Amino acid sequence: MFKDLIPPAGPPRGLALAQLVCRLGDGAYNICAALFFTRVVGLSPIQMGLGMTIGWSAALVLSVPLGHAADRMGPRGTSVTLFGCAALSLLSFIFVSSFIPFVIASCAYAVSQRGGSAAEQALLAGLVPADQVTRVRAYVQSSYNAGMTIGAGLGGLVLLFDTRGAYYAAFVVNSLAFVLAAYILYRLPAVPPVPASETRDADGKSTSKSVFRDAPYVVLSVLNTVLLLYVPLIAVALPLWITKHTEAPISLLSVMLMLNTVVVALFQVRVSEGVKDLVSATRYLLLGSFLLAGACVAFAFSGSWDSAWSAGILLVVAAGLMVVGEMMQAAGEWEVSFGLAPKGKTGQYQAFFGNGITVAEMLGPLILTGLVVYWGAPGWILLGGLFVAVSAAMAPVIRWGGRVRDERERAARTETEAQAEAGAEASATGSPAASPAATTESPTVSPAAAASPAATASAADADAPAAG
């Protein structure tokens with residue numbers, strides 16, 4: 001089991017280590033931020049909430065353009081630059097003393113953090129063979145949970161001291177964590193940027209589509225956002241459910257949180273091994289939704305017992321079902337999100353798909369509070385049914401996306417073959433041939449080629465400007 005915690009040497013290990021380091025800083029930030037901004041800076045809770053909402057809204061709007069920039073300028077340099085900006089924005093929080101500067105700093109932090117994460121996913125897709133992407137992404141997710149857990153512990157120490165200096169130290173440590181993560185990513189092989197040239201049809205019109213014009217991918221991203229409502233479930237809905245509807249002690253929530261983070265860190269890689277293609281990803285999404293639905297049923301019945309022990313046991317069982325369902329859902333969505341993204345556009349596609357977590361975190365508290373806290377057990381049952389219905393609806397959309405992907409790849413192969421034939425004919429007749437770059441987008445370097453010394457050296461030169 002513990003060998004699953006250590007990624008293979010090379011890019012997978014570097015990507016996981018970078019994730020561990022920067023999420024360690026985020027874990028400390030999440031614990032300390034609310035008290036720092038309200039008690040040290042002097043913002044009201046409404047001002048703090050509004051400022052953070054504006055920041056994440058800005059990240060939602062700018063994530064796809066930043067993902068596109070990662071494709072065009074190189075994902076390694078873009079991720080390094082944006083993580084460096086995240087480090088600077090965290091340091092700027094120390095000097096914030098009023099609402100407007102707080103909003104500006106929040107926007108800078110949210111945009112650079114989410115944009116850097118999207119670029120990091122594009123880097124992963126460029127460095128790892130396609131059949132290993134889901135497995136490596138599982139290592140990265142395990143590192144994510146481990147980093148957030150350790151960081152939360154560090155944040156707890158800051159709250160224990162509860163002084164201005166301790167809060168400042170937490171922000172400095174978080175900033176340094178992003179700098180170190182940027183350095184780790186900079187040491188990885190570079191992925192060449194994709195040229196801005198576009199494929200054009202016989203009429204001269206561009207046939208290169210952005211993610212917004214990829215209908216099956218857009219539909220899948222929207223459906224997946226609904227499934228991601230499980231993310232704010234433990235942090236937002238469960239504390240209120242336990243205190244208002246069950247006899248279980250609220251301290252049980254910490255056990256459930258620990259169960260979730262530790263199990264994901266230990267077993268996410270093993271669970272993800274069963275996902276190899278779109279078919280197995282679809283199966284995992286559906287099975288995971290049934291487990292999430294089972295967890296919702298158990299949560300619903302936990303409010304029907306007068307005994308604290310009975311309610312507590314049901315809550316822990318529900319948390320166990322939920323974390324296994326969460327891991328299966330995650331493995332399926334990674335395979336789908338990477339597998340249906342066209343080559344050379346992973347940055348913008350991952351940024352768009354990743355916006356689901358931002359939307360879920362922004363709207364989830366309101367939806368879940370109304371659904372399960374105020375409606376009670378029927379709300380839990382409805383939520384579980386919603387998980388199953390959405391996963392079932394994703395199956396035909398995934399098949400649709402697979403057909404679109406196959407047609408796109410066939411068209412690209414046909415055009416490449418036509419250009420090769422035209423070039424051969426031109427060589428035979430002695431007439432000049434049209435440059436392929438003038439009519440089609442240059443092919444991306446394969447992961448194996450990108451990792452070779454020659455490709456790495458040339459790619460590093462191409463990527464260096466973006467790294468600043």
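Helix angles over 145 degrees count as roughly antiparallel, 65 to 115 as roughly perpendicular, under 35 as roughly parallel, and the rest as oblique. This model is predicted. Two helix pairs are covered here: helix 5 with helix 11, and helix 7 with helix 12.

**Helix 5 and helix 11**

- Helix 5 spans residues 133–161, and helix 11 spans residues 308–339.
- The two pack at an angle of about 125 degrees. Their axes lie 9 Å apart.
- Helix 5 and helix 11 are therefore oblique to each other.
- The crossing of helix 5 past helix 11 is right-handed.
- On the helix 5 side, the contact uses Val133, Thr134, Arg137, Ala138 and Gln141. Helix 11 meets them with Ala331, Trp334, Glu335 and Phe338.
- The residues of this contact divide into five nonpolar, two polar and two charged.

**Helix 7 and helix 12**

- Helix 7 covers residues 215–227, and helix 12 covers residues 346–374.
- Their packing angle is about 25 degrees, and their axes are 8 Å apart.
- That angle makes helix 7 roughly parallel to helix 12.
- Helix 7 also passes helix 12 in a right-handed crossing.
- Helix 7 brings Tyr217, Val218, Leu220, Ser221, Asn224 and Thr225 to the contact. From helix 12 come Tyr349, Gln350, Phe352, Phe353, Gly356, Val359 and Ala360.
- This contact holds eight nonpolar residues, five polar and no charged.

How values were computed:
Residues are numbered from 1 along each chain as its sequence is written. This is a predicted model: local features need pLDDT of at least 70, side-chain atom pairs count only at pLDDT 80 or more; totals for chains, interfaces and linings use all residues. Side-chain values use heavy atoms; hydrogens and water are left out. Axes are lines fitted to C-alpha atoms, for helices over the stretch in contact, and angles run from 0 to 180 degrees between N-to-C directions. Helices (H or I, at least four residues) and strands (E, at least two) are DSSP runs, numbered from the N terminus. A crossing is left-handed if the near helix is turned anticlockwise from the far one by less than a right angle, and right-handed if clockwise. Contact means heavy atoms within 4.5 Å. Ala, Val, Leu, Ile, Met, Phe, Trp, Tyr, Cys and Pro count as nonpolar, Asp, Glu, Lys and Arg as charged, and the others, Gly among them, as polar.
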